[in-house]
Amino acid sequence: MEEKDIQRLLDMLYGMIDEAKSTPFSSEKCSINRDEALDLLDEIRGKLPLEMRKAQELIRAREEYISAAKKEVEKMLRQAELDAKTIVSESETLQQARQKSGEIIRRAEDRTHELYRVCNTYTEDALRRTEEAIQAALDEVKESRVRFRAISAEKMQNQQVELKEQRTATEENKA
């Protein structure tokens, strides 16, 4: 749900910039409401820690899952050992018990490896998606800052030119 909220906020920021009025004499530069943009950025910044907590929860869940799998394997190993000990010690029966316990141990180890691989794959994917979402938000913020600075600098330069032109016109009128 939080990921959708962040995406919605980023979409709102994108829409604000996309729909902003162009500045005079420039199709590349625009003017946006600074307070609204900063409010959206503050909201995004406030939600990012939630994404980080979700990633940490995923890691904890993976560790608990691996721990439970290890306990299950240990239980299976103990059971296999008990099964092997309770089998009559006749040579053929004993051989079958050893084979069975070896097979149970092999299956348990295979299952542990598979569970570990699946957990790692899932966690890695979840962390990658979280990292991409955070990076996309950060990139959008950086782009907005660059555009804001460019617009601000251009406006300041235009105002300086206008003031200079007004001074020149005033001096010409006096002369």
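Me: What makes the space of about 50 Å³ a cavity, the largest cavity here?

Reply: In this predicted model, about 50 Å³ of space lies in the largest cavity. A cavity is a set of points where a 1.4 Å probe fits but cannot get out, so that is the sense of the name. By the cut-off of 30 Å³ or more, the count comes to two cavities.

Me: Which residues line the largest cavity, and which helix gives the most to its lining?

Reply: The lining is made up of Ile17, Cys30, Ile32, Ser144, Arg147, Phe148 and Ile151. Helix 3 gives the most, with four residues. By character, the lining divides into five nonpolar, one polar and one charged.

Me: Why is serine 144 called buried?

Reply: Happy to take that one! Its relative accessible area is 10%, and buried means under 20%, so serine 144 qualifies. Serine 144 sits in helix 3. Leaving aside neighbours within four places in sequence, serine 144 is in contact with Leu13 and Ile17.

Me: What makes up the lining of the largest pocket, by residue character?

Reply: There are 13 nonpolar residues, one polar and five charged. The largest pocket has a volume of about 390 Å³. Of its 19 lining residues, the closest to the centre are Leu38, Leu41, Arg45, Val141 and Arg145. Helix 1 (2–18), helix 2 (34–86) and helix 3 each supply at least two residues of that lining.

Me: How confident is the predictor in the protein chain, by mean pLDDT?

Reply: The mean pLDDT is 83, and 93% of the residues reach 70 or more. Among the elements, helix 3 (residues 91–174) has the highest mean, 88, and strand 1 (residues 21–22) the lowest, 78.

Notes: Residues numbered from 1 in each chain as written. Predicted model: local features only at pLDDT ≥ 70, side-chain atom pairs only at ≥ 80, totals over all residues. Heavy atoms only, no water. pLDDT = per-residue confidence, 0-100. Buried < 20%, exposed > 50% of the residue type's maximum accessible area, 1.4 Å probe, protein only. Contact = heavy atoms within 4.5 Å. 1 Å grid on protein atoms, 1.4 Å probe; cavity = no way out; pocket = protein on both sides within 12 Å on 5 of 7 lines; lining within 4 Å. Points joined across faces, edges and corners; volume = space filled by probe spheres on them. Nonpolar A, V, L, I, M, F, W, Y, C, P; charged D, E, K, R; others polar.
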